[in-house]
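Me: Got a model open here and want to go through its cavities and its interface. Can you take my questions as they come?
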Amino acid sequence: MADNADHIDGDDNEDVRAQQNLIKIKLKSSEGGIYECGLTAAKMSDLVKNMVESLGTDAVVTTEPIILGNEAVTDAALKKIIEWVEFHWDDPPVDHDFEDEKDRRNEELSHWDKQFIDVDDQALLFDVIAAANYMDIKGLVEVGAKHICSKIRGKSCQEVREMLKITNDFTAEEEDAIHKENAWIYAKD
Amino acid sequence: MSGNSLSDIMDVLSHIMKGSVDLLGRRQTHITDLDEHSFHHILQYLSLFDVFLCRKVNKYFLRQIDAYLENCRQMTYNCKLNGDHFFNGEHVFNGRAFDSVVARMPNIRVMRFKRCPKMRSSLATTNYNIVSSLTNHLIMLNELHLTRCRSLDTKSLKLLVEWFPNLTHLTLSVYNETSVEIIAKGFANLKYFSLEDSVLEDYGNHLQHLGLKIHTFVAAVDHNNHKNSLITGLLNGNGRYLRALDMRIKVFDSDYTLFNTMGTEFNDLLSLKLVFQSKRTVDDNQMLSGLSGLSSLTHLHLEENRIYSNFQSVFEDNSMLSIMRNCRQLESLSLISGGKHAQTSSDDNNTATNFRSLTDASLSMIDQLLPNIRHLSLKSIDITDRTLSSIERLYKLKSLRLDSLAGLTFDGLQEFMTNATQINRLEVINCLNHK
């Protein structure tokens, strides 16, 4: 007999989604760590969703964990990702009647997301973004992207390099050529 | 120490030097390790100015940004990109900046110029040939939104037609009627055509040449009352199948027939925006009732500018009732009045006694006649709490703006806010009755 969850796959009803999230599946990081996550929350990842749909919920719940082999899916990154999807799985959808609301949401991160993504460990931040991109969790990729944008905005090139801990690998001639092309943009540099 | 151990240590040290691992040998991810898709996601939320600025960060940034810019499909050219260039205290359009920005983005489909005072002022004074830049670099332009550009003459307009004959959306300010003819005949696939901020005389007859796909037309301000010929021009061609029409017009006593014609002939119209300047002197209770023929309308915006001297308002309840009874598909309704007219100096003892506006007589029936309303905006009309009660029963209402409605009471508004829980967005401005 099929698991109840199979009957309700694809149903968008809020109660059904809540019920589904009580079902736990296991996700395995590239470092070998295994972590539990609610089914609805995990399906915010299109990669996981497709795996669940092709394998069937029964198989995913009762058998081996889903392996996330990309090297960006470290233990720490996967734990952060599970924290994010477990918080956001029941978000209301954007109301398309309010175009400016969509714009506003595009512009700003919620207080929770700001605190979530504002991590001291920059390597973890980029792992989370790369892993979210690999797992196809659009909302989380956006949160990471907006956070980095907020750090870059208004900074000079040197300040961007210092903030992101990267080096300038241009020769003086190359840098000069780029500068000349859009000189008015580099007033701060 | 064996040779192998030494080489392992050297290997770890080299990774530490490069920053790819930390002192404990743990992998360290940098922004430059992100794949193209993740990095482009970041660029998407940066202003175009910051994107261009970051080209000089390092080679990875330059390579990724140039690929991103090459794939961009739309851009809004703004004052920051244009740089702060002044001449005699005026903002100057920076042709070199524009050309270099556009050159990096050859696949732009939608090109907009920021609608801010600085950009408008720099476009209004420039001699730089913007069209020439566009035709030099862009290959797939579908939409161009450019207003009050001095350099856009008939010659460059012809060049635009020649290079981008498949343009679908166009906003342009033009200053002679021939330009309208060039556009209407030249862009056969035009769907959206806005003559915003254009200064034109009688150009209506050229509108009959608009192509089969035209669905939206925004008319130039009607300074010299050519609105009848404009409507005739549209109706004589594909304009009769318009789905959206936006006009700013003066309304005279004789215009009853104009609204009648519009109501009878524009059968496909879904959205109508009319901004009136009333020149009416006769009190006619049915001026707008002809619009009630537009039974497919889903969006209606009626706005009256401030009325001066002894002119009559275009708004009145009988027409509004007629529209409400017949345009039952309306989902969005804006009724904006400019407010009661000011006294003239020679009219000190004769205040605005003949001003009429919309009242509860029509709008208190909104819940029964227009139950599909989702967006409602009301300004400076004479409604009371009675209409507010009716609005409360609009169960599909999502956004409501109440502006300068002196007839509403504090208690009425308080009760409304408690009960109208279906509303997601409510703006109440200057609405308290202090009597």
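Reply: Starting with the largest cavity, H7(B) gives the largest share of the lining, three residues. Keep in mind that this is a predicted model.

Me: Which elements give two or more residues to that lining?
Reply: Before that, the residue count: 10 residues line the largest cavity, and B:Cys79, B:Asn82, B:Gly83, B:His91 and B:Lys118 lie nearest its centre. Helix H5 (79-82) and helix H7 (117-125) of chain B are the elements that give two or more residues.

Me: How much space lies in the largest cavity, and what is its lining by class?
Reply: About 50 Å³. The lining has three nonpolar, five polar and two charged residues.

Me: How many cavities of 30 Å³ or more does the search find?
Reply: Two, in the whole structure. The second largest has about 40 Å³ of space. Its lining includes B:Leu200, B:Tyr203, B:Asp222 and B:His226, and by class it has five nonpolar, one polar and two charged residues.

Me: Switching to the interface. How many residues are in contact between chain A and chain B?
Reply: 48 residues of chain A and 42 of chain B. The area buried between the two chains is about 3900 Å², with 59% from carbon and sulfur atoms.

Me: And how many salt bridges?
Reply: Three between chain A and chain B. A:Glu174 and B:Lys59 meet in a salt bridge through their side chains, at 3.8 Å, N to O. The side of chain A that touches chain B divides into 20 nonpolar, 10 polar and 18 charged residues.

Note on methods:
Residues are numbered from 1 along each chain as its sequence is written. Chains are lettered from A and ligands numbered from 1 in the order in which they are written. This is a predicted model: local features need pLDDT of at least 70, side-chain atom pairs count only at pLDDT 80 or more; totals for chains, interfaces and linings use all residues. Side-chain values use heavy atoms; hydrogens and water are left out. On a 1 Å grid over the protein atoms alone, a cavity is a set of points where a 1.4 Å probe fits but cannot get out, and a pocket is an open set with protein on both sides within 12 Å along at least five of seven lines; lining residues have an atom within 4 Å of a point. Grid points are joined across faces, edges and corners, and a volume is the space filled by probe spheres set on the points. Helices (H or I, at least four residues) and strands (E, at least two) are DSSP runs, numbered from the N terminus. Ala, Val, Leu, Ile, Met, Phe, Trp, Tyr, Cys and Pro count as nonpolar, Asp, Glu, Lys and Arg as charged, and the others, Gly among them, as polar. Contact means heavy atoms within 4.5 Å. Buried area is the accessible area (1.4 Å probe) that two parts lose on being put together, summed over both. A salt bridge is a side-chain nitrogen of Lys or Arg within 4 Å of a carboxyl oxygen of Asp or Glu.
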